[in-house]
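Me: I'm new to this one, so could you walk me through a helix and then the ligand site?

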Amino acid sequence: MKGPEPFYLSENTLHVLDQRVLPKKVIYRKARDSFAVARLIRKMVVRGAPMIGIVAAYGLYLQSLKNPKRLREGWEALKNSRPTAVNLHNVLEEALPLVEREVSPEEFLEFAQKVEDRERRINEAIAENGLQFFNRPMRVLTYCNTGMWATMYPGTALGIIRWAYRRGLVEHVFAPETAPYMQGARLTAYELRLEGIPYNVVPDNHIPFLMERGMVDIAVVGADRITSDGYVFNKIGTLSIALAAKRFGVPFVVAAPSTTFDPNPYTEDIVIERRWDAPGEDYLYYAFDITPPDLVHAIVSERGIWKP
Ligand code: MRU
């Protein structure tokens, strides 16, 4: 694995890689309790649905060390840090019995390590399962960032791309910028560079045009929440990719761990995050959009392939 670690634990402190300044700077921000971890999540220092869930689990460990009396409150702070991505919610629900029993820091640490290891193993299985969509060297369009800082190495959509590239099944990757936070231009491009995969960063508005020109063989993206009836919540702009893919006959494949699955069907009550740090009051920034199941060719998880 090349590139800086997404986080590390040292002296009762979680050091979290600041993804906002990558690749220009490698800076780790410190958190000593779950409130500090929640702040780092809210500020997008750490981002990507699975990684948010993992650092939240470590946040509970830190809280149990520092002040177990405020565990429940710390759990709530984490829970409210980002509403759309479901991994955070799923991990916190899994941890709730531990919080209620106020188990020892050792048990919280064990839990966090389990969550981390599980995501890593899941991603390796996703990468393997996704290979079946590659039958020749292909030109791949991905979106946002789904790699080693957003999930766990090797990544979800990016894990599939990595595995396929190593088998000679990726000719080229298009990484859309993903405005306004530019996760594609900064993070995906950096990971592709580290891996030696040929790529271009493209402005988001180029996507339908590239497909119309026949320059894309497959689109592989991640997800932040997939409802039980197959609606895919992902970084805003994903819906435009799916619509263009349908129009131009490009398979639109979603890669996500089962920890991104919401056991409930789609409802309009699911909160779509807004970003409030836009350059002006006249701006409107949503963080996610929703792709309906009929636009999805396949969903790849560690369990296999699902056609919603
Ligand atoms: O940068 P975020 O946390 O707002 O975006 C989440 C994502 O990373 C993407 O939507 C990604 O495609 C799926 S999560 C690995």
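**Helix H7 and the ligand**

Me: Before we start, which residues of H7 are buried?
Reply: Keeping in mind that this is a predicted model, the buried residues of H7 are Gln 183, Gly 184, Arg 186, Leu 187, Thr 188, Ala 189, Tyr 190, Glu 191, Leu 192 and Glu 195. That makes 10 buried residues out of the 13 in H7, a helix that is mostly covered.

Me: And what do they pack against?
Reply: The buried residues of H7 pack against helix H6 (157–166), and also against three strands, namely E5 (170–176), E6 (199–202) and E9 (232–235).

Me: How far does H7 reach from end to end?
Reply: H7 covers residues 183–195 and reaches 17 Å from its first C-alpha to its last, which is close to the 18 Å expected. There is nevertheless a kink of about 25 degrees in H7, centred on Ala 189, a residue that is itself among the buried ones.

Me: What comes right after H7?
Reply: H7 is followed by Gly 196, which has a positive phi, near 75 degrees.

Me: OK, switching to the ligand: which residues are closest?
Reply: Of the 17 residues that surround the ligand, the closest are Arg 47, Arg 82, Asp 224, Asn 234 and Lys 235.

Me: Where do polar atoms of Asp 224 come in?
Reply: A polar side-chain atom of Asp 224 lies 2.5 Å from an oxygen atom of the ligand. As for the backbone, a polar atom of Gly 48 is 2.9 Å from a ligand oxygen, and a backbone N or O atom of Asn 145 lies 3.4 Å from an oxygen atom of the ligand.

Me: Is the ligand buried or exposed, then?
Reply: Taken alone the ligand exposes 400 Å², and the protein buries 99% of that area.

Notes
Residues are numbered from 1 along each chain as its sequence is written. This is a predicted model: local features need pLDDT of at least 70, side-chain atom pairs count only at pLDDT 80 or more; totals for chains, interfaces and linings use all residues. Side-chain values use heavy atoms; hydrogens and water are left out. Helices (H or I, at least four residues) and strands (E, at least two) are DSSP runs, numbered from the N terminus. The expected span of a helix is 1.5 Å times one less than its number of residues. The bend at a residue is the angle between axes fitted to the seven residues ending there and the seven starting there. Buried means under 20% relative accessible area, exposed over 50%, partly exposed in between (1.4 Å probe, protein chains only). Contact means heavy atoms within 4.5 Å. A residue is near a molecule or strand if one of its heavy atoms lies within 4 Å of it. A polar contact is a pair of N or O atoms within 3.5 Å; within protein, one must be able to donate a hydrogen and the other to accept it, and residues adjacent in sequence count only if both atoms are side-chain atoms. Accessible areas come from the Shrake-Rupley method with a 1.4 Å probe; for residues, only the protein chains shown count as cover.
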